[in-house]
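Morning, everyone. Today I'd like to talk about empty space inside a protein. Please have a look at this one.

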Amino acid sequence: MLYLLHYQLLPEQRLAALMADLFGVKLVTATIARISQDCAHHFKGFADAVRDHVAAVPVKHLDETGFRIGGKTQWLHIASTVWLTFYRVSAKRGSLLPNVTGIVVHDHWKPYYTMTGVLHALCNAHHLRELKALVEIEKEDWARRMQRLLRHACHATNLAHGQGVPLKPALIALLDRCYDTILAEGLAFHQAQPALARARRRGRQPRRVGHNLLLRLSSRKLDVLRFLTDPSVPFTNNLAEQDGRMMKLRQKISGGFRAEDGAKDFAIIRSVLSTARKQGWNMLQTLTTAPTRLISDIRLA
């Protein structure tokens with residue numbers, strides 16, 4: 001129970017006070033920290049197994065977010081599936097999960113494109129948010145039509161998945177043509193705009209926000225629309241974002257970590273608890289079961 005309370009949201013001092021109030025057990029924060037270290041050491045093999053499973057499954061979600069450790073910003077990296085969650089902490093934002101195969105779903109963070117031997121699928125929830133800003137602020141008509149097209153494409157794939165059938169090739173071809181038409185009209189619109197003033201004499205000519213998005217949607221078209229042709233690919237990267245939300249909430253409530261070791265211990269145990277929740281395991285039973293047994297019981301699909 002101590003692990004469950006501490007590794008949901010409660011900081012060590014509040015947890016010590018709670019244990020004293022509820023059970024009359026007086027614990028100092030150093031004792032809680034030591035228990036946490038022992039727990040993380042106990043489950044490290046399980047977390048490593050989750051990491052390897054996530055890297056090998058056909059489709060996985062990747063994300064990263066800032067994490068305050070020792071008063072400095074480091075990075076929490078998230079790799080997850082519907083059944084698994086693996087967290088890791090690194091001083092480098094560009095630290096990538098090794099030995100990844102299959103399809104990686106992400107938010108177009110460029111270092112992911114340095115991964116070899118994988119295919120990419122981009123989060124269209126991000127694209128819809130960017131398009132919404134262009135519609136409401138910049139009043140760009142192409143963005144409104146692209147927004148509508150992506151929503152129609154998402155709705156069509158959801159209907160097909162609900163019926164257990166793939167999208168019809170004719171519909172995919174139609175959506176593909178409409179996508180190209182909107183891109184061409186958007187690019188023509190931006191090419192007709194007056195050039196932006198340079199902040200410096202040298203360097204690349206600056207582009208408008210909408211122009212940059214058009215170029216991304218054009219150059220990464222296969223990754224944007226991969227959900228149309230592969231039923232295993234989702235429309236968004238919401239899964240990884242949801243897995244990161246609890247970690248950020250914990251930091252807002254409890255503050256950052258004093259040391260990197262504590263943050264790494266937290267990442268290991270949160271990997272265990274998040275995976276257990278996805279697997280449908282009882283939390284208390286999970287924490288009292290041998291890690292080797294848990295590894296053998298992991299469901300991948």
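I'll take one cavity, then one pocket.

This is a predicted model: local features need pLDDT of at least 70, side-chain atom pairs count only at pLDDT 80 or more, and totals for chains, interfaces and linings use all residues. Residues are numbered from 1 along each chain as its sequence is written, and side-chain values use heavy atoms, without hydrogens and water.

First, the cavity. On a 1 Å grid over the protein atoms alone, that is a set of points where a 1.4 Å probe fits but cannot get out. Lining residues have an atom within 4 Å of a point. How many cavities of 30 Å³ or more does the search find? Just 1. The largest cavity holds about 70 Å³ (the space filled by probe spheres set on the points). Its lining includes Leu62, His77, Phe86 and Tyr112. Strand E2 (72–80) gives the most, 3 residues. Strands are DSSP runs of E, at least two residues; helices are runs of H or I, at least four.

Now the second largest pocket. A pocket is an open set with protein on both sides within 12 Å along at least five of seven lines. This one has about 310 Å³ of space. It has 18 lining residues; Lys44, Asp48, Phe86, Lys264 and Ile268 are the closest to its centre. Which helix supplies the largest share of the lining? H3, with 7 residues. Strand E3 (85–90) and helix H11 (260–279) each supply at least two.

Phe86 lines the cavity, and Phe86 also lines this pocket.
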